[in-house]
Amino acid sequence: MSVLQITTGSSCDTEALGESLGSLLQPGSFLALRGDLGGGKTCLTRGVVAALAPQSAHLVASPTYAIMNSYPGNTPVYHFDFYRLTGDDDIAELGFEEFFYGDGVCVVEWSERLVELLPADVLTLRFEYAGDDRRLITITGSGQKSDNVIERLSERLQKQKKL
Ligand SMILES: Nc1ncnc2c1ncn2[C@@H]1O[C@H](COP(=O)(O)OP(=O)(O)OP(=O)(O)O)[C@@H](O)[C@H]1O
Ligand SMILES: [Mg+2]
């Protein structure tokens with residue numbers, strides 16, 4: 001299990017982190033976002049979409065009411081927000097699992113709501129307030145694929161002197 005911690009100082013920094021991360025993802029990658037309300041989950045997602053489906057990046061907004069937004073592109077991004085759902089039962093009923101193992105990248109806000117439906121190998125990103133506009137973002141891998149992404153992200157951020 002790999003762990004990487006990054007503090008961003010602005011929403012632009014968080015979006016740039018999402019773009020670096022997004023460029024390392026493959027179809028089937030899964031990002032489980034969790035943590036503070038207003039922590040920057042949607043902001044990071046905008047960066048991920050900028051990397052994978054740039055023609056759709058301007059469309060990224062909170063899907064709180066829609067539950068899912070899909071952003072077509074080279075690699076499609078399926079963006080979920082499970083804030084209003086209560087757990088696996090609701091989510092299974094809505095039939096979202098078919099996207100979890102599909103042709104795109106899944107980004108799930110409020111992934112705390114997923115219990116048994118969470119795939120085994122995921123990147124978990126926890127967002128915490130760290131004073132003013134700072135956010136502490138902790139990225140954890142839970143398998144070979146996600147650990148490999150963390151390793152490559154860490155190398156890239158070190159090169160850019162962001163770590
Ligand atoms: N370092 C930072 N990273 C990200 N956002 C920041 C940062 N500093 C300030 N902000 C502000 O915090 C807010 C983050 O909003 P965003 O919608 O991305 O959060 P969220 O985690 O998706 O919230 P929610 O839990 O409601 O879905 C924005 O208003 C953004 O401008
Ligand atoms: Mg959000």
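**Exercise 1. Describe the shell around ligand 1 by residue class, and then find which residues and elements contribute to it.**

Solution. In this predicted model, the shell around ligand 1 is made up of 3 nonpolar, 10 polar and 6 charged residues. The next step is to look at individual residues: of the 19 around ligand 1, those that come nearest are T14, G40, K41, T42 and D133. The last step is to turn from residues to elements, and here α1 and α2 (41-52) are the ones that give two or more residues to this shell.

**Exercise 2. Decide whether E19 is buried, partly exposed or exposed, and place E19 in its surroundings.**

Solution. Begin with the position in the chain, where E19 belongs to helix α1, which covers residues 11-22. Next, take the count of C-beta neighbours inside 10 Å, which is 19 for E19; a residue is called buried at 20 or more and exposed at 12 or fewer, so E19 counts as partly exposed. Then consider contacts, leaving aside neighbours within four places in sequence: E19 touches G47, A50 and A51. Finally, for a distance across the chain, the C-alpha atoms of E19 and H79 are separated by 15 Å, although their places lie 60 residues apart along the chain.

**Exercise 3. Work out the order of the strands in the sheet, and explain which strands stand at the edges and why.**

Solution. Start from the inventory, which is 5 helices and 7 strands, following one another along the sequence as β-α-β-α-β-β-α-α-β-β-β-α. The 7 strands form an open sheet with mixed pairing, in the order β1-β7-β6-β2-β5-β4-β3. Since β1 (3-8) and β3 (68-71) each have a single partner strand, they stand at the edges, and one side of each is left without a neighbour in the sheet. From one strand to the next, the twist averages 15 degrees.

To examine one pairing in detail, take β2 (residues 30-35) and β6 (residues 123-129), which run parallel and are joined by 5 bridges; A32, for instance, has T124 in β6 as its bridge partner. Helices can then be added: α5 (residues 144-159) packs on the sheet, where it touches β1, β6 and β7 (135-141), and its direction makes about 135 degrees with that of β7. Helix α2 lies across β2, β3, β4 (77-81), β5 (105-109) and β6, and runs at about 170 degrees to β5.

**Exercise 4. Compare the radius of gyration of the chain with that of a compact globule.**

Solution. For 163 residues a compact globule would have a radius of gyration near 15 Å, and the chain has 14 Å, which agrees. Buried residues make up 40% of the 163 residues.

Conventions:
Residues numbered from 1 in each chain as written. Chains lettered and ligands numbered in written order. Predicted model: local features only at pLDDT ≥ 70, side-chain atom pairs only at ≥ 80, totals over all residues. Helix = DSSP H or I, 4+ residues; strand = E, 2+ residues; numbered from the N terminus. Contact = placed C-beta atoms within 7 Å. Near = placed C-beta within 6 Å. Nonpolar A, V, L, I, M, F, W, Y, C, P; charged D, E, K, R; others polar. Rg over C-alpha atoms; globule rule 2.2 N^0.38 Å. Pairing = 2+ DSSP bridges. Axes fitted to C-alpha atoms, helices over the stretch in contact; angles between N-to-C directions.
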